[in-house]
Amino acid sequence: MPANETTRLLHEHIDDDTEGIVDWDGPDDPENPVNWSTSKTWGHVAIVGLLTFLVPLGATMFAPAIQQVMRDFESTNEVIASLIVSIYVLGWGLGPLIVAPLSEVWGRLAVYTGSNLLYVVSTAACALSPGLGSLVVFRMLAGTMGSTPLTIGGGTISDLVPVQQRGLALSLYMFGPILGPSIGPLIGGFLTETLGWRWIFWVLAIVYGCMTLAQVMIMRETYPAAILQAKTKRLRQETGLPSLRSKLDKGLSSRQVIVQAIVRPARMTIMSTINLVLSLASAYVNGVVFLLLTTAPVMFQSEYGFSAKDVGLAFVGFGLGNIAGLAVFSATSDRFIRKRAAENRLKPEHRLVPALVGAPLLALGLFWYGWSAQIHAHWAVPIIGTALIGAGNVLFNTAIIGYLIDAFTAHAASAIAANTVIRSVGGTLLPLVGRNLYAALGWGWGSSVLAFLALFCGSALVYLYVYGEAMRSKHPVRF
């Protein structure tokens with residue numbers, strides 16, 4: 001290559017202040033995802049939002065089909081019947097341990113594509129399962145692969161959307177995990193009665209396959225470290241200078257980066273008091289939601305004589321509450337953050353404000369739901385309670401995800417992974433005690449116990465809102 005051409009390449013792409021360091025070509029570099037067009041940015045956010053809707057949908061769509069499955073396979077094992085549902089949620093906890101590290105080493109795009117394809121294959125395998133054992137295995141694999149958009153979707157938003165505009169993006173991102181489980185039983189009940197339980201998986205595989213095709217065609221790499229690394233590799237070939245390195249290159253081998261990234265979520269949980277508290281609170285709230293999803297059918301059938309289809313319709317209240325929570329969050333979050341930024345007072349703890357409202361709202365919904373069922377009020381009254389639970393759940397979880405993104409920035413994927421692991425364990429384990437809790441205490445006091453614990457979680461977030469900045473400064477987590 002001629003010397004003058006090499007000089008031009010070096011001048012255009014390499015930081016003049018630090019010899020051999022490849023950086024963005026100024027603040028308006030079109031390769032930097034924050035400078036992408038509005039349509040391209042929100043196209044990526046929309047795809048991530050739809051993927052995070054379909055995966056949780058698969059968690060509860062299968063619930064109404066359990067009895068039909070057990071009859072088909074001539075089994076009466078109640079543990080297996082519960083495991084077929086909960087093993088999917090457990091997969092959400094296992095997946096982030098693999099997905100988050102790989103996304104920070106290989107970039108987000110390759111991980112999205114590979115895991116999406118495996119999700120389609122494992123879901124189709126569920127539809128073809130010859131026995132309960134294989135069905136459990138493929139359900140766990142589907143849950144594990146489906147954890148990808150739930151785990152690194154927040155990181156993708158962090159790559160693309162400025163902090164002052166993330167409220168709407170976070171609403172779309174949280175739309176699926178919040179709304180999907182509420183309408184899953186309705187769709188699953190219809191498919192089970194009309195086409196049979198195997199078609200639940202065929203429909204999921206077909207729809208998710210279409211979304212995977214759209215993801216491959218539309219999405220591009222968003223992880224800054226991966227983009228700069230690819231740019232560095234290209235410039236090494238163009239300039240003949242093997243000493244060039246990315247500004248975000250830490251000088252570690254791929255193996256070191258993978259090991260570090262795998263260990264990071266565990267370190268975040270163990271060494272960051274803030275992340276541990278938020279993860280435990282998220283686990284509890286997620287457990288309450290799945291406990292509601294698994295016990296509400298029993299309540300409505302035993303107390304109000306609802307049929308299976310009626311139970312599915314009863315979850316419409318929960319879904320409407322979710323939508324209301326999303327609407328409130330979308331309308332207020334970005335406005336509040338922009339106001340704090342204009343006042344030069346913006347800090348990550350401001351993201352927790354919706355959760356400070358969501359926790360007591362969740363508790364109110366639990367009190368309302370439990371005691372209205374206990375006194376056998378009109379069936380619409382406990383449904384209103386589920387709507388309050390749904391709204392509180394949305395405000396709580398969306399706020400925590402936003403906080404993790406803002407507080408951990410470049411390592412947001414690992415922070416969310418740590419949160420997702422513990423949150424999924426809560427969603428798997430707490431429902432297992434739900435029926436015994438209500439059998440021992442009744443609908444009123446059983447729900448009250450859950451409500452008091454929700455208020456305790458809210459008080460912990462109040463403490464973090466007030467003292468979180470000082471805690472982060474005094475005890476930073478080093479990576």
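In this predicted model, helices H5 and H6 run roughly antiparallel to each other, because their axes cross at roughly 155 degrees and an angle over 145 degrees counts as roughly antiparallel. If you want to find the pair in your viewer, H6 covers residues 132–160, and its axis comes within 8 Å of the axis of H5. H5 passes H6 in a left-handed crossing. The residues of this contact divide into 13 nonpolar, eight polar and three charged.

Stay with H5 for a moment and turn to another of its partners. H5 spans residues 108–127, and it also packs against helix H8, residues 198–218, with the two axes 8 Å apart and an angle of about 160 degrees between them. H5 and H8 are therefore roughly antiparallel to each other, and their crossing is left-handed. By class, the contact of H5 with H8 has 14 nonpolar, six polar and one charged residues.

It is worth picking out the side chains here. On the H5 side, the residues that meet H8 include Leu109, Tyr112, Asn116, Leu117, Val120 and Cys126. Among those that H8 brings to the contact are Arg198, Phe201, Trp202, Leu204, Tyr208 and Gln215. Gly209 of H8 takes part as well, as does Ala124 of H5.

Now move to H2 and H7, a pair with another geometry. The axes of H2 and H7 come within 6 Å and cross at roughly 35 degrees, and this crossing is right-handed. The contact of H2 with H7 has 18 nonpolar and seven polar residues, and no charged ones.

From the helix pairs we can go on to the open space, beginning with the largest pocket. About 1300 Å³ of space lies in the largest pocket. Its lining is made of 40 residues, and the closest to its centre are Ala63, Ile66, Gln67, Thr294 and Arg435. The elements that give two or more residues to this lining are H2 (38–61), H3 (66–72), H4 (78–106), H7, H11, H12 (308–314) and H16. H4 gives the most, with seven residues. Sorted by class, the pocket lining has 21 nonpolar, 15 polar and four charged residues.

Which spaces are closed off inside the protein? The structure holds four cavities of 30 Å³ or more, and about 190 Å³ of space lies in the largest one. For a quick way to locate this largest cavity, select Trp92, Pro177, Ile178, Asn286 and Arg423, which lie nearest its centre among the 15 residues that line it. The elements giving two or more residues to the lining are H7 (166–194), H11 (273–304), H15 (380–408) and H16 (412–474). The largest share, four residues, comes from H7. In the lining of this cavity there are nine nonpolar residues, five polar ones and one charged.

Looking back, H7 links several of these views: H7 packs against H2, gives two or more residues to the lining of the largest pocket and supplies the largest share of the lining of the largest cavity. H11 and H16 also appear twice, in the lining of the largest pocket and in that of the largest cavity.

Definitions and conventions:
Residues numbered from 1 in each chain as written. Predicted model: local features only at pLDDT ≥ 70, side-chain atom pairs only at ≥ 80, totals over all residues. Heavy atoms only, no water. 1 Å grid on protein atoms, 1.4 Å probe; cavity = no way out; pocket = protein on both sides within 12 Å on 5 of 7 lines; lining within 4 Å. Points joined across faces, edges and corners; volume = space filled by probe spheres on them. Nonpolar A, V, L, I, M, F, W, Y, C, P; charged D, E, K, R; others polar. Axes fitted to C-alpha atoms, helices over the stretch in contact; angles between N-to-C directions. Parallel < 35°, antiparallel > 145°, perpendicular 65-115°, else oblique. Left-handed = near helix turned anticlockwise from the far one by under 90°. Contact = heavy atoms within 4.5 Å.
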